[in-house]
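Colleague: I would be grateful for a close look at a single part of this model, namely one packed pair of helices, and then at the chains around that part. Please describe how the two helices are arranged and which residues bring them together.

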Amino acid sequence: MSNDILTVENLKKHFVIGYTGLIHREPITVKAVDGVSFSIREGETFGLVGESGSGKSTVAYITVGMYRPTSGTIYLRGEDLFAQGDERPLRFKKEIQIVYQDPGSSLNPRRTIKDILDLPLRIHQPHKNRTLEILRLLNEVELPPDYMHKYPRQLSGGEKQIIAIARALASDPSLIVLDEPTSALDVSVQGKVINLLIRLQQELNLSYLFITHDLSLMRNVATRVAIMYLGKICEVADAAEFFQNPQHPYTQMLLSSIPVLSEEEEKLKPSKIHSIGEIPSPVNVPPGCSFHQRCPYVMDVCKVVDPVMVETGPGHTVRCHLFEQPPAPAAVPETSSTVEAAT
Amino acid sequence: MAQQTAEWTGFNITEQELRRMRWQTRRENLGRSWYKFSRNPLSVVGGATVLIIILAAIFAPYITPYPDHATRPFTDFANASQPPSLEHWFGTDEIGRDIFSRTVFGFRFSLTMGVVVLSMVVPVGVILGLIAGYFQGSRIDTIIMRITDIFLAVPPLILALAIASVLEPNLFNSMVAVSLMWWPWYTRLVYGQATALRNEFFVSSAEVTGASTAHILFREILPNTLSPIFTKISLDMGWVIIIGASLSFVGLGVQPPKPGLGTMVASGAKYLPDQWWISLFPALAIVVLVLGFNLLGDGLRDLFAAEEI
Amino acid sequence: MSVTPLLEIKNLHVEFKVYGGVLKVLDGVDFRVNVGEKVGLVGETGCGKTTTMKAILRILPVPPARITGGEVLFKGRDILKMKERELRETRGRGISMIFQDPTAALNPVFTIGAQLEPVIRHASPENRRLSKKELRKLAVIPLKEVALADPERLLDAYPIQLSGGMRQRVCIGMALATNPELLIADEPGTSLDVTIQDQVLRLLQRLVEQRHSSVILISHTLGIVRQMCDRVYVMYAGNMVEEAPTRKLFANPLHPYTRGLMAAVPRLSGGGVAMGIPGRIPSYLHPPSGCRFHPRCPQAMEICKHEKPAFQQAEDDHRVACFLYDPAVAEPQKEATTA
């Protein structure tokens, strides 16, 4: 598709977190991201939802270049972001920016707002008058000019996050990764930040990779939604379809767990499925489908074979054996016995 | 820039107004800092003591009654070993020199020692700590930190004694000796801070934007380590002065007839307890100076700690 | 449902002395929990809900905190005036607490058993005479109740060996082990993932219903309160602004702050994200005159700037602190606008 701004292809990131034993040292790896593929269209908000350990933040960090993937890659308008070795070229850094979850940590407490906004301008817009540019940015995000000389601690949480957004805008990017941009904020402040993001997106034709664990928020901001569980994407669909017709059992479990405010919303929650079980540690991902231990529809095949993505409707893909057609072939018992023999 | 800020920024304010805003916020910040510092009376006392001693040392030739007694060879056996009097506030020593004048001049050596040692030690230690901390886990980190460990394993005073006794005993050599054993502490301090700070998102953000390593080390990480560094500098001034005085006391620092405080204590020790004033006043001067720096250091620590909240 | 009050806070004032003056944090808080009732306390960061709870348990740091007025009656006796022994008794058996962060609530250097057993030992006079073995047997019960697998082994585990959800379950088990009459749950499950939070909340709900314990649930998540509670208080800047049975409050919020808060929550049914409430929570150093919400209130009137609205009934069991519902103020106002 030509109007994709970002294409993620079979992305994997495995972290080595330690070694076993003393003599036979085998690396212990966490498969934080394990084969993730999706694409973001120009001007859309692509929502990535998941709980802790799902790898959603790792995807974000790889996208902005904090990590190199173990395998797989990301294309920005067809260009491979990781083609040029370790250091990502500046022109890619300019195009992709990030807003972090915790505004307390993402703004340097010892630098003024002016210093903070100055850095991306100095690197990416060197020919411009930076003081004027900083004023323009402040105006863009609706903050008064005297904020220039303030320190982050003099700002409220919401204002800090707005400064973080202004910093991301400073390099004039086309894609902004929003890593839980409002989860540290009070709900009465959240609206202001979200609406600012929506307005900026329309005015500047930005694309967003919006990461959150808040499905209710996702419903209202995303054009498409992908859901991650233990390093893999379970389901991708257009936002409206995703919430009206959730198919993956994990999606249903997530939706049914959300505390809501009205009967109308209550009806949208899948009622047949309740949250059970613990989220497995990403060090010890269960074999087969990683969700099978918590899944109420678990079948024998799920314990052995990891399902693949199948399309169940236009733009709606699910990674679940329930939707595979034809239902798992005869090879299943065989695989099952070999695996059991191996273990 | 034009007098009027360009309209496309969306604001219509003059440069002057912008400057006024900057000064206003700065003044507010300074005011708050001073308020916090001054809330603890002891740190104000410490700061004032240090300030007075520094001024006294600088203007020693103009404020001491007998500057000659300290700056050039001088003997006046007629007035030797006089107890404290109105004429000689701290008395005179065994060859008739005014101890008060010599003590004030003695501050010059102590302060020079502290300032020179720390201005050699702090930049080296801090930069090494920043580099090792930021590149934690790399080869550079290993090399820097192992060298640091080696220096930390040597007992400091012994090393200083060894160096000072091998080389010609004088103030400069004893400063070199103290410096050699002092920088690792700053490396360790900053290393600990930097390893924590490198994981902060503001550092990631600078990296992701494409900032240079120098920018990240000195503009993003360093400012956040300044509070413990300044606190340590103030406390260390006291330590360096004590070590300098100790070296002088055993004859490896300031050489007589120069009025080092430690040297004066040592030379007066022979006449204890009868002519107690010869040793006591220089010794008290060391105590007051070190105490002043320590109180100031505590005040700075409180100031920076409160700022985080 | 019984309407005997178990806990009653009357006109509580709490101040904090800080650099630059006095923070008037609680400004006349009224609050009541009846026997067997689950009461929600909703408010945003810094609204005073945690200070209120600390005042109930008398764990406010004094100084800088100072209780300048009001009383906290637990079964008719004022906690603020209790002697040390009586207070310990009340804290130990009468009131239990579950904290937001189960990791911080458990001591990392002791096993679960070592932390649970003393709680059980002090739960009743008979338990004090129990041997170590008998105590251990009793300690398994609360862990079983919170649906933890293999409770025997858990007693010897350290907190770090458990997941966040399991730790929160242990905390719940520990808090309920003494069969408290009142359980204070401060943002339970907020630090957990949503599917685990759902499990924990459903468990908590089942257990307190079994025991007919009263519950105060403090939360900034309206949805959780709606799911769990019978009655809800809404707090803003040190004042209670609205109180109603849960169903009523969510169907018909009255106070402009409550309305703003509810409108700001993104809905699963879509409809976009509202702008939220303009401005920010006021400084406690110089709180706004009159109604503390008036600078942010879209419906502020002249009187709101000068007088503090009383927390009074708008309907039979629906109380609100707002002049819009004060017949003496609102009626003439309406007439003026219609004319």
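Modeller: What follows treats the helix pair, then the chain that holds the pair, and lastly the contact with a second chain.

The model is predicted. The pair consists of helix α5 of chain A, residues 130-140, and helix α6 of chain A, residues 157-170. The two axes come within 10 Å and cross at roughly 130°. An angle over 145 degrees would count as roughly antiparallel, and one of 65 to 115 degrees as roughly perpendicular; α5(A) and α6(A) are therefore oblique to each other. Their crossing is right-handed. On the side of α5(A), the residues that take part are A:L137, A:L138 and A:E140. They meet A:A166, A:L169 and A:A170, which belong to α6(A). By class, this contact has five nonpolar residues, one charged residue and no polar residues.

The pair belongs to a chain with 12 helices and 12 strands. The radius of gyration of chain A is 22 Å, close to the 20 Å that the globule rule gives for 343 residues, so chain A is as compact as a globular protein of that length. Its C-alpha atoms fill a box of roughly 70 × 60 × 40 Å along the principal axes. Of the 343 residues in chain A, 50% are buried. Among the contacts in chain A with a separation of 6 or more, 63% join residues 24 or more positions apart.

Chain C likewise has 12 helices and 12 strands. Its radius of gyration is 22 Å, which agrees with the value near 20 Å that a compact globule of 339 residues would have. The C-alpha trace of chain C spans about 80 × 50 × 45 Å along its principal axes. Buried residues account for 44% of the 339 residues in chain C. In chain C, residues 24 or more positions apart supply 64% of the contacts with a separation of 6 or more.

The contact between these chains takes 34 residues from chain A and 36 residues from chain C. On the side of chain A that touches chain C, α7 (187-204), α8 (215-221), α10 (249-257) and α11 (263-268) each supply at least two residues. The largest share of that side, eight residues, comes from α7(A). By class, the side of chain A that touches chain C has 15 nonpolar, 12 polar and seven charged residues.

Conventions: Residues numbered from 1 in each chain as written. Chains lettered and ligands numbered in written order. Predicted model: local features only at pLDDT ≥ 70, side-chain atom pairs only at ≥ 80, totals over all residues. Axes fitted to C-alpha atoms, helices over the stretch in contact; angles between N-to-C directions. Helix = DSSP H or I, 4+ residues; strand = E, 2+ residues; numbered from the N terminus. Parallel < 35°, antiparallel > 145°, perpendicular 65-115°, else oblique. Left-handed = near helix turned anticlockwise from the far one by under 90°. Contact = placed C-beta atoms within 7 Å. Nonpolar A, V, L, I, M, F, W, Y, C, P; charged D, E, K, R; others polar. Rg over C-alpha atoms; globule rule 2.2 N^0.38 Å. Buried ≥ 20, exposed ≤ 12 C-beta atoms within 10 Å, placed from the backbone.
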